[in-house]
Amino acid sequence: MNIERNDFKRLRLPLAAAIVLLALGAACLIASGYFLDEEKAVQAATRLSRVAAQERVSRVSEEEREIRDDLVYYEQMRQRGIVGEQSRLDWIESIARIKNERKLFEIRYSFDAQKPLDYPGLVATGATEFVVSRLKLDMLLLHEGDLLNFLADLQTNIKAHVSVRKCTVGRIERGAAPAATSLQPRLRAECLIDLVSVRGTKPA
């Protein structure tokens, strides 16, 4: 098949149109790819914003829960008398009451001076301060249950958090115990007990 010069002249316009259409098609493909990338970027940014908003809502909910828990714990401590100034008179009265109600033998004790609590890992905030007074206890016992009952009653009744640091129990040598009653103490307990209180304001 022979193509003459006149045929090229007749095909010039259709070829030009085809080239223009191809160029337009390529431009459309490039533009569509660009807009697709832009749309993906917008969707990604929207998704990130939504995730960030959900995280903020979750943090707020968690903070509200922590505040509610702190208020409940604070109220429990306040009702137990742990919050506020320490009252040694109250402690003395509580020990005497426990001794009489439990019908215990001799109890000797002393309180160390109050000082800031320095337990490892415990950090007080600016609004609160943990203070401790150490109770040194010397008790005569009929059996180990006397000591356990005394410590349980102390934890329940005294206006402080009771933390037993150390207790040693030993047998009393024959003839060393007083003979004032028919029942004689058989054991001696020596304990170090921390009485912890919180000084500060109510959590916000």
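Is Cys-191 buried or exposed? In this predicted model, Cys-191 counts as buried, with a relative accessibility of 3%. The legends below set this residue and others in their surroundings.

**Figure 1. Overall fold of the predicted model.** Three helices and five strands make up the secondary structure of the protein. Their order along the sequence is α-α-β-β-β-α-β-β. The protein has 204 residues, of which 23% count as buried. Among contacts with a separation of 6 or more, 74% join residues that lie 24 or more positions apart. The exposed surface comes to about 14800 Å², and carbon and sulfur atoms supply 57% of this area.

**Figure 2. The disulfide of Cys-167 and Cys-191.** The count for the protein is one disulfide. The sulfur atoms of Cys-167 and Cys-191 are 2.0 Å apart, which falls within the 2.5 Å that defines such a pair. The link is right-handed, with 115 degrees about the S-S bond. Cys-167 belongs to strand 4 (residues 161-171) and Cys-191 to strand 5 (residues 187-200), so the bond ties together parts that are 24 residues apart in sequence.

**Figure 3. Accessibility of the two bonded cysteines, Cys-167 and Cys-191.** Cys-167 has a relative accessibility of 30% and therefore counts as partly exposed. Its partner in the disulfide is Cys-191; at 3% relative accessibility, Cys-191 is buried. The class of Cys-191 follows because buried means under 20% relative accessible area.

**Figure 4. The loop residue Lys-103 and its backbone angle.** Lys-103 is placed in the loop between helix 2 (88-102) and strand 1 (107-111). Phi of this residue is near 55 degrees, a positive value in a residue other than glycine. Most residues other than glycine have a negative phi. Lys-103 has a relative accessible area of 72% and is therefore exposed.

**Figure 5. Asp-153 in helix 3 and its contacts.** Helix 3 spans residues 144-157 and includes Asp-153. At a relative accessibility of 15%, Asp-153 counts as buried. Which residues does Asp-153 contact, leaving aside its neighbours within four places in sequence? The contacts of Asp-153 are with Ile-98, Arg-102 and Ile-158. Ile-98 and Arg-102 fall in the range of helix 2 (88-102).

Technical notes:
Residues are numbered from 1 along each chain as its sequence is written. This is a predicted model: local features need pLDDT of at least 70, side-chain atom pairs count only at pLDDT 80 or more; totals for chains, interfaces and linings use all residues. Side-chain values use heavy atoms; hydrogens and water are left out. Helices (H or I, at least four residues) and strands (E, at least two) are DSSP runs, numbered from the N terminus. Buried means under 20% relative accessible area, exposed over 50%, partly exposed in between (1.4 Å probe, protein chains only). Contact means heavy atoms within 4.5 Å. Accessible areas come from the Shrake-Rupley method with a 1.4 Å probe; for residues, only the protein chains shown count as cover.
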